[in-house]
Structures are given as structure tokens and as C-alpha cells.
Amino acid sequence: MNPSSKTYDVGGVAMPRPFKLVRLGHLGLWDPAIARCQTNFIDLLGLRHTDNVRTPNGDVMGFFTTCNTDHHALIAMDPTDTDPVRKSYFDAGITLNQLSFQVNSLREINDAHSFFISKGVQISRIGRDLPGSNWAVYAFDPDGHRVELFYGMEQIGWSGVSKPEAMYHRLPQTEFQLPQRAEAEEVREAREQGIDLGSGFGSLSQLPYTYDVGGVLLQRPFKVSRVGPVRIFVADLDASEHFYTDIVGLEKTQEVMYQGHRCVYLRAGSEHHSVALIPLALRAQLEMSPKTTMMSLGLQVQTYAQLRAARAFLAANGLVEVPFPAELHPGVQYAAHFMLDDMHRIELYFDMDQIGWNGEV
């Protein structure tokens, strides 16, 4: 359903809103146990540590990890010293720090900001994110989950080193003046200023490379290739569905009736779903943690054999496998579910149905 009859020129195509989501980009968690998160993300799941966020006295209050060349795919942040609005949401059980979707142009970020305001959506902030270098606008859904639309993402190449902090130029939290200069100009300027382009953060796990994974020796018998769907509990399914479809622009793939409750599966791109909206009433029925509204977070591995190996590896390393109704992960045939801690559940999966030109499952 279109939010109005008005259309917008988005890169030369008429769209019902002034931006278009092209993919699920990255995810973030709130968790005060940052050291435990680092162990889980890096040592157990094999994500690559790409950067840190520090307090003024130098303590790590958050960190970035990736499974590809994007600066970050999965983030963890300590909510203790965050702003009062986000802290209040965390205290109410919103442990999903951010749910981020990529758009194709910087102009779409500005236009999305104005569009959200016109629809009465609560804005968290707008600006340029550093570390990571992506330009972004953040808005809250009806429950307080923070949705990010971003343009651009720092890429980390063969050296495994992120952008040096000396190149950070923070912008005010307002709509950007357009056009902005190209990234190449920032690199040229850094060279002229004598900044060592190889002086950024880089960290490799010290675990031995002992597992043959498709012909390559790795530190564990699987490789996470992308972050996958997020399933969240929502208090008002109709209000959340309106927000994510009519305002944010996700497309509905499928509805599932489970124990008398309607569950909605939404996508950005061709993947069966990027987000699932699950009625909050099911949380207790499914015996899931009352401390969080995040039902599960997906991590895709590369083959079915790797999924089986990952299941055995994580169980052997202390993670608890938990049941999950197959009816609640449509589009995913093979999956294993583990608790990272007493709140957060991950779904390891091998493959997901793709939606073609006709829009049908």
C-alpha cells in the first residue's frame, strides 16, 4: 500500500517514497557485557573485529565486526552511557540497537529524513557515522526499535585495516548540504596532510587455523557470509506493519498464522524476508526471554555441511541449542538456533528462498 498518491523521483524512477531500500545492511545489539559479546562474535562465530568505540577515559563501550568487506555487519554497544531516550527503550526490553538498510544515494538520506518527519516518525539522529563512514538517518519504529537508512559504507580490503581516526570529520546532526565531496577527495587530502593510511584499527583472532573449510584452513569449521533476517516482537502488529511497509518501504512476502496470531514477513530485495514482525503475546507462549523484544538474529553460512559443522562446534564450545518452531521461519529450510546469552538467540542457516520477478514465494 502506498502511503499517499504522491510519487517521488528516486534516481529517475517514480516511487511512492523518496528512497528505496536495496538490502539489509547491518545489525546492532545493546548489551552491557561487551567482553562476553566480543568472545561470542569473534572467537565463536568467527566475525572479524574491525573497530572500537571508546569512552572518554579509553574503555571500550562498543565494537564493530564484519563477515565481508563492509566495515561492519554486526555491532554491539553498551547501553549504560547512551542518551536517555535510547536508554529508556533498552530498559523496556529493546535490545536491538539498530536495524540498517542501504539506499543508493546520499540525497535519499536527506529526503528520507524529511519524509519521516512529515509522517510523524520519531527521529533518533541524522549525520555521518564514524567509524564506518556511512551517512545515515535513524528513526524509531512504534516499539522503539531503531531503523537506520544508510548510504555508503567504508570497505576494508586485503590489509584488514580500517580508516585512520585522523581522517574522521564529524558533521552536525542535521540534513546534509548537497552535494558532498567524493570519498577520493578525502583520501587525497589525508595523503597531503601526511596521515598514514595504514594506521587504522586491525585485529585478527589468535586461534589456530586448523579446519579445512572447502579447501581453505580456517579457525572454525564454518564461515558466516552475511547477517540475515531479524525477527522482533511487536506490541501492535498493525501499527508496526504500517510503519515498515507504508513508511519504510519493505515489501510483504508472507503471513503466517501461529497459535492464533498473525505473523508478518517483510523483505528488502529478493530474500524471502529481512524482518519478521511477531506479536508480543507469543513471546511468553514460546518461552522466550522477557528481557528482550528480539526473537532471533540470522547468520548465514556458506553450505549445508558448514551448518552441520557449526551446530556441533557451537554446542561443543558451550552455546545452548534451543528449539524454534519451523512455522516461524518460512523461507528457511535448514537452520539451527542457539542462545548467545540469556537474552539473544541466533539462527544459523544455510539458504533462503528468493523472490523473483512475479513477487511470489
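Two strands are taken to pair if DSSP finds at least two bridges between them, and in this predicted model that criterion is met by β5 and β6, which run antiparallel and are joined by 4 bridges. Within that pairing, F63 has A76 of β6 as its bridge partner.

**Overall form**

The secondary structure of the chain amounts to 7 helices and 20 strands. With a radius of gyration of 20 Å, close to the 21 Å that the globule rule gives for 361 residues, the chain is as compact as a globular protein of that length. Taken along the principal axes, the box filled by the C-alpha atoms is roughly 60 × 60 × 40 Å.

**The sheet that holds β5 and β6**

The strands β5 and β6 belong to an open sheet of 8 strands with mixed pairing, in the order β4-β5-β6-β3-β7-β10-β9-β8. The edges are taken by β4 and β8, each of which has a single partner strand, so one side of each is left without a neighbour in the sheet. Direction ignored, neighbouring strands of this sheet are turned against each other by 20 degrees on average. Helix α3, which covers residues 106–118, packs on the sheet by touching β8, β9 and β10, and its direction makes about 20 degrees with that of β9.

**The sheet that holds β14 and β15**

An open sheet of 8 strands, again with mixed pairing, follows the order β14-β15-β16-β13-β17-β20-β19-β18. Here β14 (251–258) and β18 (320–321) stand at the edges with a single partner strand each, so one side of each has no neighbour in the sheet. The partner of β14 along this edge is β15 (residues 261–267), to which β14 is joined by 7 bridges in an antiparallel arrangement; K252, for instance, has L266 of β15 as its bridge partner. Helix α5 (residues 237–247) packs on the sheet, where it touches β13 (224–234), β14, β15 and β16 (275–279), and its direction makes about 10 degrees with that of β15. Helix α7 (residues 304–316) lies across β17 (294–301), β18, β19 (335–339) and β20 (345–349), and runs at about 20 degrees to β19.

The helix directions described above are set out here against their reference strands.

| Helix | Residues | Reference strand | Angle |
|---|---|---|---|
| α3 | 106–118 | β9 | about 20 degrees |
| α5 | 237–247 | β15 | about 10 degrees |
| α7 | 304–316 | β19 | about 20 degrees |

**The largest pocket**

The largest pocket holds about 740 Å³ of space. Its lining is made of 34 residues, of which V53, F64, M77, L130 and P131 are the closest to the centre of the pocket. At least two lining residues come from each of β4 (48–54), β5 (60–66), β6 (74–77), β7 (96–102) and β8 (123–128), and β4 gives the most, with 4 residues. By residue class, the lining divides into 12 nonpolar, 9 polar and 13 charged residues.

**Backbone features in the loops**

L130 and P131, both among the lining residues closest to the pocket centre, are joined by a cis peptide bond with omega near 5 degrees. P131 is found in the loop between β8 and β9 (135–140). That loop between β8 and β9 is also the place of S133, a residue other than glycine whose phi is positive, near 70 degrees. A cis peptide bond also joins L178 and P179, with omega of about -5 degrees; P179 is found in the loop between β10 (146–151) and α4 (183–192).

**The start of the chain**

K6 is placed in the segment before β1 (8–10). Leaving aside residues up to four places away in sequence, K6 touches M15 and P16. K6 and R17 are 11 residues apart in sequence, and their C-alpha atoms are 8.1 Å apart in space.

Conventions: Residues are numbered from 1 along each chain as its sequence is written. This is a predicted model: local features need pLDDT of at least 70, side-chain atom pairs count only at pLDDT 80 or more; totals for chains, interfaces and linings use all residues. Side-chain values use heavy atoms; hydrogens and water are left out. Contact means heavy atoms within 4.5 Å. Axes are lines fitted to C-alpha atoms, for helices over the stretch in contact, and angles run from 0 to 180 degrees between N-to-C directions. On a 1 Å grid over the protein atoms alone, a cavity is a set of points where a 1.4 Å probe fits but cannot get out, and a pocket is an open set with protein on both sides within 12 Å along at least five of seven lines; lining residues have an atom within 4 Å of a point. Grid points are joined across faces, edges and corners, and a volume is the space filled by probe spheres set on the points. Ala, Val, Leu, Ile, Met, Phe, Trp, Tyr, Cys and Pro count as nonpolar, Asp, Glu, Lys and Arg as charged, and the others, Gly among them, as polar. The radius of gyration is taken over C-alpha atoms; the globule rule is 2.2 Å times the number of residues to the power 0.38.
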